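Here are my notes on this predicted model. Please read them with the structure open.

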Amino acid sequence: MNEAPGEDLVRYTGADALSTREAVVNARAELARRQLQLDAQHAEAKAEMERQRRELEAQFEKARAELAEQMKPLKEQLAKLAEIMWTVDLYLGRDETLRLIREGTPAPADTPIAVRQKVLVMAEESLILMGATSTGVTSDDIPEFIDWLIADDVNLDRILPEKKGVVVLVPTKVRSRSGNIFEDSYRDAENQRSYWLLRNGERLYLLTVDPALKIFDRVLPRRREFVDVFDQRLFGFGSRRGEPVRPGSDEWFELEKIADAQRRHYMRILMVLEGLIDRTPVWRPLPAAGASFMSLADQDAGKIVLIQDDEESIQLGEGGEAFAQWQRRLNSLLRPGLRVVANFNTQAFRELYNDGDRWSRGGHQRIHPANAEYPPSQTPLLIETRRDNGLVIRYTRTEKIRKRNQPVPGEPGYVYRYETEVEPKHRASCVIYPDDSFVVPFDLVTVAEMERFLASREERSNHFLSMVPTLRAAIAAKHEEAAQEADFRGLIAQLLVSEGADAEDVAELVDELVHWWKLAHTWSKPLNGDGAHEKKVAEQIIAEYRARRRREADDSEERMIERGRAIPGTIAVGRDRQGRWWSYSPSPDAHDEGVFLDITRLYRNGRMGETKTSQTVARRTASALQLAWSDERWGSWKFDAHANHYLTADERRKLIEQAKALSSGTPVVVTELFDPKHPGRRSIHVYSWVAEKRPADEQPISSHDVYSWRQSSKFIERTGWSVVKDSDGVRLGNRSRSSHASDEFSHYSGGTKWGSTPWWPDTATPYGDARPRLVWADEAMLDAVASFRARCAAIAEEERERRRAAEAEAYAYSQPIEARIEEQIIAQAKTRFIEDFGPDAMDLWPAHLKTLKLRNPIHSRTLWGVVAIALAHGHPVVGQTLDQLADFAWEHQNNAPGEWHPPRARVDFGDFGSIVVTEPAPEEEPQP
């Protein structure tokens, strides 16, 4: 029978229990001692093995580094040989395909060979002429692109206008989104593969090269390409970011490698072209002395022309507004009565759908009812009204809906109890906003504008590509509407020619004037069928044409602009349809910017008419105005603002006086709350001093809770009213609750000299949420209240200092007690250890103590509390036991310090209740 460890030390037998226990204690101590020895041996062995492992790793790393250093020259040489072989293969055309895609007569031998720098995108270049439902080709549609390219020389000249030359194209830059990452990776690689279009007179070739030769944005380097490599602003090597690179430094050699790699990349492209000259008939006939892409002399002689079109487009661009800017500007002018064309299948609209949960159905947050079908895309839709600061379009629903209790056909009085499919009785509605990226303002745009964007090479963002079908649909709808108006437009053309218009350009002029008339009169349907109405329209259009002619002949425009701008604050000068001149300037003291204007009539004889102040200008009036001069503020003016939703300076002053008269106490400030998202709501609030005495005479509040305006503003009362503005004028409406403003008067910390205030200063950082603004203040009262606050804060600080001193005094007594309790707990544990291990095992005590989870059962805050209560009431502390302090604290618990929460029962200190409180040790003086 095997003996357990330790049984060789002692047999668990004895004459009595005490001797047996003594034997077990000895055995236990010896086993614990052996365990400590084994732990020490284990730690030592582990450390030795770790040291040996580090030595072996260091030896291995050293050997690996030596081997790598020996192999480095060989690897570099092999890499150079592989690169040279690949470059030679590019020249020889080993992995290229060359296909003749159109026969024809080649260009003369002396025709220069042009190399275009910019890499074009097939999907973008053919965008305007592709099918109405396509947004461009992919790698699967190369044959379709070639057919489009050779169908018309206009298409070819758009891509490669030079008679001899080359341009590189890729199918598309739009990423594939099939949902399969492997398929997407393959398609993206194919869509970024380069196709080289080679032209020689009428002949066209299509070349593909080794896919390893990646060509991204440029075939030729930019003029500063290699210099830019050494610009630390682009490549932040080292710690001297932005400083010149020191020749010969590590950074210099690193940058030189990068520049050399770029040079080799562009040289390989020229090697491909050089191989085409040397081994193919692509550009033959050639000059008698030949031509070489690698020869600077041939470039200087004009045989080879390098066209830096990518660099020019970066520097110059095509000018004009970007599509997104143009779209946002015109969408901001939308109003009821105008039409839009939208693409409701874009991600921007679909992501507004809420999926719902187990308690509610899903639905689209813009659509009502929320689960109705989406509005029809790519068709003109009429804006009928406004809702939630947005614009509402309505459309007929084509789907059927399920409803209960529907009548049974032929059975009067009977209904289906279960759900049945029925036709919807009401149209659905959808809210759009001016900043929606999927909306085109149909009545505010012209065909020429939309075609310009479709033909622009600068507009190739993913957002624009998603809007291409919408633009095409809008153009088609414009043409269809013009076709319906053909008779009317023909009549207008005849009348304009009789008025002196150029017959060759009259069609464009008719389109411009019809667009002007529809926009000015919010007319959203074709002009056909109503003779009397169209006669009136024709008269108005001819009158507008005559007015424009007169204005063109008017030589006093500069003088009128000068007079108008002489008026302080003028933001626009223009003339109306009757030829009258006006100057527009923002109304002063208007809190709501972009709403009210002061309008002054300007006469040609130099006289100025009376200024009409605080006027609103309707969108229709602004659109009909012929501006002679304006600044940027005019373009962002709120011409759609409803006059009843905004206050003039005089109306605001009137409301302020009414509010002050109705408030109690002495008015201090008046604020105004207005949320542009809910323009029909506006309120005025008065904050008044309601104490019997003036702030300077009022007794400061001595509460320890005084930290800010809150408690020191308890004598401030807030009263508010809604604002009503209608045909009867402006007045105060319903009165809101009146309450002490402890939670209102110090709500905003905006950096004023009075500290926190109930308004948000105009100079503070603007935020999205609506915040009150100051419209009137008694600064003397504000100063007095601020002084009252300062006195309250001073008293509060004194109280805090007294509390801190009292707390520190109580802790001076309680902390030594806590230490004595912990010492007593440890002493009890030590006694028990001696009983379990014996008095000869004290060498094991430190390790054993670490295994014990000793915890003081008396919370330090409880000790502090009973001492603090005694001190607060002048009760002796020194010489008292904890039980005596607990009894006193229980008797006076209702008068406990504010920072101590008395228990529900008397504190029970248990075995520690007999501890006597002693004088705290004096603090040591700091040593000099």
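1. Start with the open sheet. Six strands build it, in the order β11-β18-β13-β12-β8-β19, and the pairing is antiparallel. Strands β11 (367-368) and β19 (439-440) stand at the edges. Each has a single partner strand, so one side of each lacks a neighbour in the sheet.

2. Take the β11 edge. Its partner is β18 (residues 428-432); two bridges join them, and the strands run antiparallel. To find the register, look at I367: C430 in β18 stands opposite.

3. Now the other edge. Strand β19 is joined to β8 by two bridges, again in antiparallel fashion. Here V341 of β8 has V440 of β19 as its bridge partner.

4. Strand β8 also pairs on its other flank in the sheet order, where β12 follows. Two bridges connect β8 with β12 (residues 381-387), and these strands run antiparallel. R339 of β8 stands opposite L382 in β12.

5. Are the faces of β8 (residues 339-342) covered or open? Both are covered. R339 and V341 are buried on one side, V340 and A342 on the other. Note that R339, buried here, is the residue opposite L382. V341, likewise buried, is the bridge partner of V440.

6. Turn to the surface. A patch of negative charge gathers D502, E504, D505 and E508. One of these, D505, lies in the loop between α14 (486-498) and α15 (506-521). Why does D505 count as partly exposed? Its relative accessibility is 45%, and that class runs between the 20% limit for buried and the 50% limit for exposed.

Key:
Residues are numbered from 1 along each chain as its sequence is written. This is a predicted model: local features need pLDDT of at least 70, side-chain atom pairs count only at pLDDT 80 or more; totals for chains, interfaces and linings use all residues. Side-chain values use heavy atoms; hydrogens and water are left out. Two strands pair if DSSP finds at least two bridges between them. Helices (H or I, at least four residues) and strands (E, at least two) are DSSP runs, numbered from the N terminus. Buried means under 20% relative accessible area, exposed over 50%, partly exposed in between (1.4 Å probe, protein chains only). Patches are made of residues with over 30% relative accessible area and no salt bridge: like charges are joined within 9 Å, nonpolar side chains (Val, Leu, Ile, Met, Phe, Trp, Tyr) within 5 Å. Accessible areas come from the Shrake-Rupley method with a 1.4 Å probe; for residues, only the protein chains shown count as cover. A salt bridge is a side-chain nitrogen of Lys or Arg within 4 Å of a carboxyl oxygen of Asp or Glu. Lys and Arg count as positive and Asp and Glu as negative; His and the chain ends are not counted. The place of a charge is taken as NZ of Lys, CZ of Arg, CG of Asp or CD of Glu.
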